[in-house]
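Please open the model in your viewer and keep the selection panel at hand. The tour below moves from one selection to the next, and says at each stop what is there.

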Amino acid sequence: MAKTAAIVGSAYFAPVQWYQKLRRCDDVWIEAMDHYGKQTYRNRCIIATTNGTQALTVPVMSHDPDTLMRDIRVSDHGQWRHLHWQAMTSAYGESPFFEYYADDLHALIHQPWQFLYDMNMAITEQMCEWLDIHPSLHITSEYKAQPEMPDYREVIRPKHAPHDPLFTPQPYYQVYGAKHGFLPNLSILDLLCNMGNESIFYL
């Protein structure tokens with residue numbers, strides 16, 4: 001059987017759609033050489049809370065649109081690590097599986113990461129381990145068109161996302177489902193904390 005491959009953008013606790021690509025591909029390139037842009041999953045994730053969805057954003061030290069993703073530095077502004085951890089604990093503390101991941105999640109968030117890309121890669125590797133998916137992950141060395149493989153760099157985004165015919169959100173149990181109904185394509189944290197080792201069946 002021929003190997004499958006795809007290219008995606010770097011993401012902070014990426015959404016379910018992003019991990020679906022990792023689940024279904026043998027080789028995945030994670031873009032490091034694109035120009036940094038706002039309003040993407042590069043430095044934000046979306047979780048479910050008692051009040052609905054909440055975006056958690058990692059502050060960065062440069063907003064220059066010419067800066068490459070690999071060179072974006074994480075800022076310590078606003079005690080964001082503490083705020084993200086508090087938000088995750090509040091959102092998922094009562095979920096079935098949060099306690100199994102809590103210590104490692106806390107360690108991931110509170111490491112003094114210098115570069116956003118490095119933090120995102122470490123998070124991705126940990127999520128893959130918990131999901132029990134095993135793609136070969138590669139870091140791009142130049143930004144170029146990829147006609148030979150599916151390109152999701154501009155497809156998986158929090159706003160104005162184009163239609164992805166290969167992704168249909170599969171409903172699963174959510175802590176606040178009775179209040180809000182099913183909230184699709186949240187951060188992979190939502191799926192893991194609610195479904196644990198059954199998460200793979202929803203990718």
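**The sheet and its surroundings**

Begin with the strands of this predicted model: three of them form an open sheet in the order β1-β2-β5, and their pairing is parallel. Select residues 5-9 for β1 and 136-139 for β5, and you have the edge strands, each of which pairs on one side only. If you look along the sheet, neighbouring strands are turned against each other by 25° on average, with direction ignored. As background, the strands of a sheet pair through backbone hydrogen bonds, in either a parallel or an antiparallel sense.

Next, add residues 27-31, which make up strand β2, and follow its parallel pairing with β5 over four bridges. Which residue of β5 is the bridge partner of Trp 29? Show His 138 beside Trp 29, since these two residues are the partners in question.

Now select residues 116-131 to bring up helix α4, which lies across β2 and β5 and runs at about 175° to β5.

**The cavities**

For the last stop, turn to the enclosed spaces, of which the structure holds three with a volume of 30 Å³ or more. The largest cavity contains about 140 Å³ of space, and to find it you can select Gly 9, Ser 10, Thr 40, Arg 153 and Ile 156, which lie nearest its centre among the 14 residues of its lining. When you colour the lining of this largest cavity by class, expect six nonpolar, three polar and five charged residues.

Note on methods:
Residues are numbered from 1 along each chain as its sequence is written. This is a predicted model: local features need pLDDT of at least 70, side-chain atom pairs count only at pLDDT 80 or more; totals for chains, interfaces and linings use all residues. Side-chain values use heavy atoms; hydrogens and water are left out. On a 1 Å grid over the protein atoms alone, a cavity is a set of points where a 1.4 Å probe fits but cannot get out, and a pocket is an open set with protein on both sides within 12 Å along at least five of seven lines; lining residues have an atom within 4 Å of a point. Grid points are joined across faces, edges and corners, and a volume is the space filled by probe spheres set on the points. Ala, Val, Leu, Ile, Met, Phe, Trp, Tyr, Cys and Pro count as nonpolar, Asp, Glu, Lys and Arg as charged, and the others, Gly among them, as polar. Two strands pair if DSSP finds at least two bridges between them. Axes are lines fitted to C-alpha atoms, for helices over the stretch in contact, and angles run from 0 to 180 degrees between N-to-C directions. Contact means heavy atoms within 4.5 Å.
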